[in-house]
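This tour is intended for a reader who has the structure open in a viewer. Please follow the stops in order, selecting the named residues at each one.

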Amino acid sequence: MTRPFCLLDGTPVSPVGQGTWHMGEVRAERDREVAALKLGIELGMTLIDTAEMYGEGGAETVVGEAIRDRRERVYLVSKVYPHNAGRRGAIEACERSLRRLGTDCIDLYLLHWRGGYPLAETVEAFEQLRATGRIRAWGVSNFDVEDLLELPHDSRCATNQVLYNPAERGIEFDLLPWCQAHDMPVMAYCPLGQGGALLRNPAIVAVARRLGAQPAQVALAWALRQPGVLVIPKASDPQHVRANAHAARLQLSDEDLATIDAAFAAPQRKVPLQMV
């Protein structure tokens, strides 16, 4: 990896991590998924993102198997359901996640999206988990600027995980600049889009051909061009894992960026925060 990155808790992490959405849902895929995560770790993608929602705990179990005997090399991120994010519920949910992951500490624990519990109550639970060593840091996911402004002023929010890719760039209008101004790293989920449409787009394909790269690498490099952004693509195929691992080395020229901008215009006004 050629672009070091640091979260606000001061821990250096790889700019290209590994996502796990849809892992742990099909038993027959388990060995393949575990192998892909292990390969990613060996290639330097040592940040692994998961959630109790993914496969209703199935993804965390896959991750737990993948990081066995290599936990010290991994920066582990998981997320709590909003309906579990109360003062007591968040602590109980975290304990369940820890058991599935086979570890005694989660490096970064996120609120998956806003729910009915007051943010102050969730933050209180997160701080209790941090004080007892069950998590090292906490953050949020799918928060817009107004949501971030509602966090307690003295909070230690380490990151905001949001949807971001060339076809979904609404955060560039105000959310991303706000996070950058406040030194809050942004974790881009679905950086390759969904269903493959983004990677078949003529502009992305043209840039990839010009650079002798894969379309997925172009999409990842596009997001990584932004200061304070890291990406968490999901891959189960070894070839895709290797391509993702090398994406941080790709440099997009002004011509490349102009080609992508012509296909996917930057936002000119505030739009509702996009989520999947």
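The model is predicted. Begin by selecting His112, which is found in the loop between β5 and α4 (119–131). The UniProt record, an unreviewed entry, lists His112 under "binding site". Is His112 buried or exposed? His112 counts as buried because its relative accessible area is 6%, and the cut-off for buried is under 20%.

Next, display the surroundings of His112. Not counting residues up to four places away in sequence, His112 touches Ala51, Met53, Tyr54, Lys79, Val80, Pro82, Ser141 and Asn142. Two of these, Tyr54 and Lys79, will serve as guides to the following stops.

**Second stop: Tyr54**

Select Tyr54, which is placed in the loop between β3 (47–49) and α2 (58–67). The unreviewed UniProt entry lists Tyr54 under "active site". With a relative accessible area of 7%, Tyr54 is buried.

Which residues are in contact with Tyr54, once its neighbours within four places in sequence are left aside? They are Thr20, Trp21, Met23, Asp49, Ala59, Lys79, His112 and Gln161. Keep Asp49 and Lys79 from this list highlighted, as both lead into the strands.

**Third stop: strand β4 and its partners**

Now select residues 75–80, which form strand β4. This strand is mostly covered, with six of its six residues buried. Which way do its residues point? Tyr75, Val77 and Lys79 point one way from β4, whereas Leu76, Ser78 and Val80 point the other way; all are buried.

Add β3 to the selection. The strands β3 and β4 run parallel and are joined by three bridges. Asp49 has Val77 in β4 as its bridge partner. If the view is widened to include α2, a right-handed β-α-β unit made by β3, α2 and β4 can be followed.

Then add residues 106–111, strand β5, which runs parallel to β4 and is joined to β4 by four bridges. Val77 appears again here, with Leu108 as its bridge partner in β5. To go from β4 to β5, the chain passes through helix α3 (residues 89–101), and this β-α-β crossover is right-handed.

**Fourth stop: strand β5 and onward**

Keep β5 selected. Six of the six residues of β5 are buried, and the strand is mostly covered. Lys79, already met as a contact of Tyr54 and of His112, has Leu110 as its bridge partner in β5.

Extend the selection to residues 135–141, strand β6. Five bridges join β5 to β6, and the two strands run parallel. Ile106 stands opposite Ile135 in β6. Between β5 and β6 the chain crosses through α4, and this β-α-β crossover is right-handed.

**Fifth stop: Arg156**

Select Arg156 in the loop between α5 (145–149) and β7 (157–163). Apart from neighbours within four places in sequence, Arg156 is in contact with Glu127, Arg130 and Trp138. Select Pro272 as well: Arg156 and Pro272 are 116 residues apart in sequence, and their C-alpha atoms are 25 Å apart in space.

**Sixth stop: helix α9**

Move to residues 215–224, helix α9, which is mostly covered: ten of its ten residues are buried. Among them are Pro215, Gln217, Trp222 and Leu224. Against which elements do the buried residues of α9 pack? The partners to display are α7 (197–200), α8 (202–211), β9 (229–231), α10 (238–245) and α11 (254–263).

**Final stop: the largest pocket**

Finally, turn on a surface. Rolling a probe the size of a water molecule over the atoms shows where empty space is left. The largest pocket has a volume of about 800 Å³. To locate its centre, select Leu192, Gly193, Pro233, Lys234 and Ala235, the closest to that centre of the 37 residues lining this pocket. The elements giving two or more residues to the lining are α9 and α10. Which element supplies the largest share of the lining? That element is α10, with four residues.

How values were computed. Residues are numbered from 1 along each chain as its sequence is written. This is a predicted model: local features need pLDDT of at least 70, side-chain atom pairs count only at pLDDT 80 or more; totals for chains, interfaces and linings use all residues. Side-chain values use heavy atoms; hydrogens and water are left out. UniProt positions are given in the numbering used here, feature names are shortened, and annotations may be inferred rather than shown by experiment. Buried means under 20% relative accessible area, exposed over 50%, partly exposed in between (1.4 Å probe, protein chains only). Contact means heavy atoms within 4.5 Å. Two strands pair if DSSP finds at least two bridges between them. A crossover is right-handed if, with the strands pointing away from the viewer, the path from the first strand over the helix to the second runs clockwise. On a 1 Å grid over the protein atoms alone, a cavity is a set of points where a 1.4 Å probe fits but cannot get out, and a pocket is an open set with protein on both sides within 12 Å along at least five of seven lines; lining residues have an atom within 4 Å of a point. Grid points are joined across faces, edges and corners, and a volume is the space filled by probe spheres set on the points.
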